[in-house]
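Reader: I would like to learn how to read the features of a model such as this one, step by step. Could we take them one after another, with the general idea before the case?

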Amino acid sequence: MRVRGAPAIAIVAALALASELSTLITENKLSPIAEDVRVFITEKLQYLMTSRPTAVNLGDAVRKLETTVAKHANREDSTGNSVASAFILAAEDMLAKDLEDNHNIGQNGAAWIVRNAIQPGNAKAAILTHCNTGSLATAGYGTALGVIRSLASGNALLHAYCTETRPYNQGSRLTAFELVHDQIPATLITDSMAAALLASDKINAVVVGADRVAANGDTANKIGTYGLAVLARHHNVKFLVAAPRTTIDLATKSGSDIVIEERPAYEVTRMRGPRAGEDTTGGVRMETISIAAHGINIWNPAFDVTPSTLIDGIITEVGVVEKAPDGLFHLDELF
């Protein structure tokens, strides 16, 4: 969990290997044979892909990078260093492309919300988001948080609300930080307050990110997303998923085919806080404290799957996909 956020996982994996290859080139430690380096890179990529099974962006990046490396290795004039250099350039291009895609997602989502989620006579929207989908989870700007940023920059945001996102608190630690940093009007709520907030008629839309979108539109995202979608439907609030096309997995037919990562029990039973009895005005010494009864069983899935029936639109870098007249998302038309 030192790296989290589906786009960031893919980019960090690619750039980490690019950094290693750059060092090996500098130290002249790579094989001069192109095929040897291709095999070396492929083995490293396959190892990296096992790290996070739910986020599809990593697998998509691995496949694209493997294709780039294989294509370059097949050239007659290729060397080990040139194959490694081709990988490095491709990884850097992924970083730039993700940032561009995020800005487009933000603009497309903001425009859709202004057209479809704001009541006539109102100029601004209040948005609820879940987990962290901003600069800290992507190459920059963000997906769902990018939509909020675009609404704010267009003077169309009334207020942003973020959940704390238990048990790992990405919302309270990261999303709240980004909102405060950008001076966006925002309020943090606990996950259990979402129903009351939606019942208050303050929210125009719920916008979340995604770790994997199946071909039918079913979406895996941070645990708690499914519950928000159910609440949004009950309260007649638009529910939107913001994700680049790299998150859409046409090979996965539905959400029932998505592997859900389960996290360690201690993420639920422990928390970090200032050590009791010490002056915390200066350097704060932290300690891990228990917040659950010793011996209780723990179930800690990192993600859940929101059925496409509860999703009003999927925001991508090329536009917002809505359900067709047959009531289905036709995501294959994006490619």
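Reader: Where does lysine 44 stand between buried and exposed?

Author: The general idea is to compare the relative accessible area with two limits, since buried means under 20% and exposed means over 50%. This is a predicted model, and in it lysine 44 has 30% relative accessibility, so lysine 44 counts as partly exposed. Its salt-bridge partner is glutamate 20, with N and O 3.2 Å apart, and glutamate 20 lies in helix 1 (residues 6–26) whereas lysine 44 lies in helix 2 (residues 34–49), so that the pair ties together parts that are 24 residues apart in sequence. Glutamate 20 has a relative accessible area of 29% and is therefore partly exposed as well.

Reader: How many salt bridges does the structure hold, and which residue forms a salt bridge with glutamate 261?

Author: One looks for a side-chain nitrogen of Lys or Arg within 4 Å of a carboxyl oxygen of Asp or Glu, and on that basis the structure holds 12 salt bridges. Glutamate 261 forms one of them with arginine 263, where the closest N and O atoms are 3.0 Å apart, and the side chain of arginine 263 also meets that of glutamate 267, at 2.8 Å from N to O. Glutamate 261, at 10% relative accessibility, counts as buried, and both glutamate 267 and arginine 263 are buried too. Elsewhere, Arg149, Glu178 and Asp182 are joined into one network by salt bridges that share partners.

Reader: In which order do the strands of the open sheet lie, and which of them are the edge strands?

Author: Reading a sheet begins with asking which strand pairs with which, where two strands pair if there are at least two bridges between them. Here four strands form an open sheet in the order 8-5-6-11, with mixed pairing, and the edge strands, each of which pairs on one side only, are strand 8 (248–249) and strand 11 (303–306). Packed on this sheet is helix 8 (residues 225–234), which touches strand 6 (219–222) and strand 11 and whose direction makes about 35 degrees with that of strand 11. Strand 5 (residues 212–214) runs parallel to strand 8 and is joined to it by two bridges, and valine 213 has isoleucine 248, in strand 8, as its bridge partner.

Reader: With which strands does strand 7 pair, and how many of its residues are buried?

Author: For a single strand it helps to take the pairing first and the cover afterwards. Strand 7 (residues 238–242) pairs in the parallel sense with strand 4 (residues 205–208) over four bridges, and alanine 205 has lysine 238, in strand 7, as its bridge partner. The pairing of strand 7 with strand 12 (residues 313–316) is likewise in the parallel sense, over three bridges, and leucine 240 is partnered there by glycine 313 of strand 12. As to cover, strand 7 is mostly covered, with four of its five residues buried.

Reader: Which residues make the nonpolar surface patch?

Author: The idea is to ask which nonpolar side chains at the surface can be joined into a group. In this model Met271, Ile289 and Ile291 make a nonpolar surface patch of about 230 Å². Methionine 271 is placed in strand 9 (residues 270–274), and its relative accessible area of 38% makes it partly exposed.

Reader: Which residues other than glycine have a positive phi, and which peptide bond is cis?

Author: As a general expectation, most residues other than glycine have a negative phi, and most peptide bonds are trans. Cysteine 131 has a positive phi, near 65 degrees; this residue is placed in the loop between strand 1 (125–129) and helix 5 (144–153), and at 8% relative accessibility cysteine 131 counts as buried. Threonine 165, too, has a positive phi near 65 degrees, and its place is in the loop between strand 2 and helix 6, where threonine 165 counts as buried at 0% relative accessibility. The cis peptide bond runs from arginine 166 to proline 167, with omega near 5 degrees, and proline 167 is placed in the loop between strand 2 (157–163) and helix 6 (170–181).

How values were computed. Residues are numbered from 1 along each chain as its sequence is written. This is a predicted model: local features need pLDDT of at least 70, side-chain atom pairs count only at pLDDT 80 or more; totals for chains, interfaces and linings use all residues. Side-chain values use heavy atoms; hydrogens and water are left out. Contact means heavy atoms within 4.5 Å. Axes are lines fitted to C-alpha atoms, for helices over the stretch in contact, and angles run from 0 to 180 degrees between N-to-C directions. Patches are made of residues with over 30% relative accessible area and no salt bridge: like charges are joined within 9 Å, nonpolar side chains (Val, Leu, Ile, Met, Phe, Trp, Tyr) within 5 Å. Accessible areas come from the Shrake-Rupley method with a 1.4 Å probe; for residues, only the protein chains shown count as cover. Buried means under 20% relative accessible area, exposed over 50%, partly exposed in between (1.4 Å probe, protein chains only).
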